[in-house]
Amino acid sequence: MSTENLFCDLAFEPINGLFPYQPGKPIDELQRELGLKNIVKLASNENPLGPSEVVKKAIQGSIEDVSLYPDGNGFYLKKALSEKLGVTTDMITLGNGSNDVLDVIARVFLTTGRECIYSEYAFVVYAIATQSVGATARVAKAYLPEEVGAYGHDLNEMERLVTEKTSVVFIANPNNPTGTWIESEGLERFIKKLPKHIIVVLDEAYCEYLDQQSLVDTTKWLQKYPNLIITRTFSKAYGIAGLRVGYAVSHPDIADLLNRVRHPFNVNSLGLVAAEAALQDEEYIEKSRELNKQGLQQLANGFEKLSLGYIPSVGNFISLNVGEKAADIYTKLLHEGVIVRPISAYKMPQYLRVSVGLPAENEILLSALAKVIQHV
Ligand SMILES: Cc1ncc(COP(=O)(O)O)c(C=O)c1O
C-alpha cells in the first residue's frame, strides 16, 4: 500500500514500510455496513461495564470548560496519581492514552542507528513507534506454542539480543494479544541484569486485572532501577478508553525528557477530570476485576466445549485458535452481529482475539461461534 503512495519518496524512508494501526471495527461502522441493530463488540479490550457513575458526574461537571485549553501540566491528575502510587508528581508523564507515552519514549530514546528489543507477538505499537523514528527492532523469539508460557516473552532470548546499540527494551506485562504474564521475580532479575544505559519500558496496561494479593508493586522498583519506565492506562479497567488518558512513571529526569517532547495539552480537559475521578472509584475497579475473572472462565469453558484451543490469559481478553479459516470465521461472526479482532498482523493468522464482555455478551459470542464454526 505505502509503495503506491505518491509521496513515498518524500517521506522519512522507514515510514514507507509502516501500515496504519488496525483498530477493532467500530459498532457504528458495522451497523452502517450490514444494517444490523444488535451488535456486541468484543474487539478492543474495553471495559464492558461502561464508565462508572463517578466518572460520568465528573465529566458532566466539566462540560462548560471545553472552550478552554486543559491544564497542560495535569496538576490535579498527577497529584491524585502520586498519592495513589506513592511517587512524586515529577515522576509522572501524562499521555493521550499510553500509546502516546510509548511514542514519546521512542522519540526521546530511539533514532536511526539505535536498537530496541521486544518480543514476538508483543503489542504492535512498539514496532510502529520504533520504525517511525528509524530505529532498528530486534524481535526476540517467543516461547514455542507447545511450551509452558506459550507465545509469552522469553526473557533469556530478549537478553541475548542486547548489543552496544540497544537503547530501549519494551516489555508488555500482561502482553496483548497473548494475555501472557511474566512473574515478578524473573522479571526483576532480567531488569537487574540489563546495562543501566538501556531504558526498560514496562507496559502494564492490564495490571488492574491481575490478582492484587500476589501482585508486586513495580513502582517500588523505580528506586532501584532508574532506567525503568512503567506505563499504564485509564483505557482498560478504569473504563475511559474514549477519553484517551495514560501515563508513565519513571525517574524524574526521564520524566523531564519525556515532558520536553510531549505535545502541549496532550490530555484533554474531560480526560483529566474523568481519570482523576476514576482513580477514586475503587469499587468500580473491584467490580471490573471480578467480572473479568468470571468472564475469562466463562469464555474458557465455552471454548473448551467447542474444542477450540486458546492461550490462557490474565488480561481482559483471550486469543482463540480457530484454525486456518480465521478470517472467514471473523466475517461470519460480523454477520451474526459480533465483532472480535483478527490478529494476523501479529503473525497469528489462526487466532481471533476476544475481549471479555458482560456475561450475556460472552454468551452471544459463544453461541455465534458455535453456529459459525459448523459452516466453515
Ligand atoms: C499492551 C498495551 N499497551 C498499551 C495500550 C495502549 O492503550 P491506550 O493508548 O488506550 O492507553 C494497549 C491498548 O490496547 C495495550 O494493549
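Colleague: Where does Pro177 lie?

Modeller: This is a predicted model, and in it Pro177 is found in the loop between S5 and H7. Pro174 is also placed in the loop between strand S5 (166–172) and helix H7 (184–193).

Colleague: How do I read the peptide bonds at these prolines? Which form does the bond from Asn176 to Pro177 take, cis or trans?

Modeller: Start with the general idea: most peptide bonds are trans. Here, the bond from Asn176 to Pro177 is cis, and its omega is near 15°. Asn173 and Pro174 are likewise joined by a cis peptide bond, with omega about -5°.

Colleague: What about phi? Which sign does it have in Tyr151, positive or negative?

Modeller: In general, most residues other than glycine have a negative phi. Tyr151 has a positive value, near 70°. Look for Tyr151 in the loop between strand S4 (136–140) and helix H6 (155–160).

Colleague: Asn176 came up at a cis bond. What does its side chain do at the ligand?

Modeller: An N or O atom in the side chain of Asn176 is 2.7 Å from an oxygen atom of the ligand. Thr233 also offers a side-chain N or O atom, at 2.5 Å from a ligand oxygen. With Ser98 the partner is a polar backbone atom, 2.6 Å from an oxygen atom of the ligand. Of the 390 Å² of accessible area that the ligand has on its own, the protein covers 95%.

Colleague: Which residues are around the ligand, and how do they divide by class?

Modeller: The residues around the ligand include Gly97, Ser98 and Asn99, as well as Phe123, Asn176 and Asp203. Further along the chain come Ala205, Tyr206, Thr233, Ser235, Lys236 and Arg244. By class, this shell has six polar, three nonpolar and three charged residues.

Colleague: Last topic: helix packing. How is a pair of packed helices described?

Modeller: Two numbers are used: the angle between the axes and the distance between them. Take helix H2 (residues 53–60) and helix H9 (residues 269–280): their axes come within 8 Å and cross at roughly 150°. The crossing of H2 past H9 is right-handed.

Colleague: Which residues of H2 and H9 meet there?

Modeller: H2 contributes Val54, Val55, Ala58 and Ile59. From H9 come Leu270, Val273, Ala274, Ala277 and Ala278. In this contact of H2 with H9, nine residues are nonpolar, none is polar and none is charged.

Terms used
Residues numbered from 1 in each chain as written. Predicted model: local features only at pLDDT ≥ 70, side-chain atom pairs only at ≥ 80, totals over all residues. Heavy atoms only, no water. Axes fitted to C-alpha atoms, helices over the stretch in contact; angles between N-to-C directions. Helix = DSSP H or I, 4+ residues; strand = E, 2+ residues; numbered from the N terminus. Left-handed = near helix turned anticlockwise from the far one by under 90°. Contact = heavy atoms within 4.5 Å. Nonpolar A, V, L, I, M, F, W, Y, C, P; charged D, E, K, R; others polar. Near = heavy atom within 4 Å. Polar contact = N/O pair within 3.5 Å; in protein donor to acceptor, adjacent residues only side chain to side chain. Areas by Shrake-Rupley, 256 points an atom, 1.4 Å probe, with all protein chains shown as cover.
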